[in-house]
Amino acid sequence: MDNDREKRWVSICTFGCLGVGAILGCGIFLICVLWTDCPVMEYGLEDFRVAQMLNVSQKEFVTYICKRRFLQWCCFGAVWCISSYYIAAGGYNLLVGGYYGFLAADLFIKFGACGLFYSLVCFLPHYMFSFYAVYCIGKWFAQCGRQEIYYYNRVNKMQYFVKIIAIILCVVFALIIEIKYQKNILNYFYQYLV
């Protein structure tokens with residue numbers, strides 16, 4: 001019974017916070033457009049510095065992406081160490097969902113269904129692996145201090161090793177997809193939407 005409740009909390013912290021963040025991001029964007037003088041609607045895709053990202057070298061682009069993702073995972077790990085997994089995962093997914101909601105609302109208002117499709121194509125492939133990594137961390141390690149060990153010591157350590165490798169592979173796949181295809185996706189949509 002306890003295990004089902006923990007899995008439910010992990011799902012809420014991963015997918016629930018992502019959905020709430022996306023709704024909040026859309027709301028924040030609409031507030032910025034309707035009630036403030038924030039210039040969020042002035043440009044096409046240039047407000048996200050797409051043209052600037054398309055003109056950097058491959059090495060700079062890879063360094064930029066790796067640095068951003070490394071900082072995100074370090075913040076996630078630091079908050080988890082300081083407080084709990086649930087707060088870390090909830091905050092991480094709330095911020096990522098908020099960013100996506102802001103971006104999706106902006107592109108939908110500017111470009112209609114093509115803008116919404118662009119936001120999905122640009123965002124979903126690499127973050128799908130990141131979300132799965134966060135979900136697996138919670139499912140496998142959120143309460144690992146409370147679990148009783150029923151296995152022989154060596155078998156239990158090997159299972160943890162395999163789980164850690166699976167999480168690292170998810171993060172690496174997310175980075176590879178983002179580095180390999182992000183520039184191509186940006187270039188394609190930049191040519192046809194702007």
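The following exchange covers the helices of a predicted model and the packing of H3 with H5.

Modeller: The model is predicted, so local features need pLDDT of at least 70 and side-chain atom pairs pLDDT 80 or more, while totals for chains, interfaces and linings use all residues. Residues are numbered from 1 along each chain as its sequence is written, and side-chain values use heavy atoms, without hydrogens and water.

Biologist: What makes up the secondary structure of the protein?

Modeller: Six helices and zero strands. Helices are DSSP runs of H or I with at least four residues, strands runs of E with at least two, numbered from the N terminus.

Biologist: How much of the protein is buried?

Modeller: Of the 194 residues, 35% are buried (under 20% relative accessible area with a 1.4 Å probe, protein chains only; exposed is over 50%, partly exposed in between).

Biologist: Why are H3 and H5 called roughly parallel?

Modeller: Helix H3 (residues 58–82) and helix H5 (residues 113–141) pack at about 20 degrees, with axes 13 Å apart. Axes are lines fitted to C-alpha atoms over the stretch in contact, and angles run from 0 to 180 degrees between N-to-C directions. Angles under 35 degrees count as roughly parallel, over 145 as roughly antiparallel, 65 to 115 as roughly perpendicular and the rest as oblique. H3 and H5 are therefore roughly parallel.

Biologist: Which residues of H3 meet residues of H5?

Modeller: Contact means heavy atoms within 4.5 Å. Among them, Trp 73 and Phe 76 in H3 and Val 134 and Ile 137 in H5 take part.
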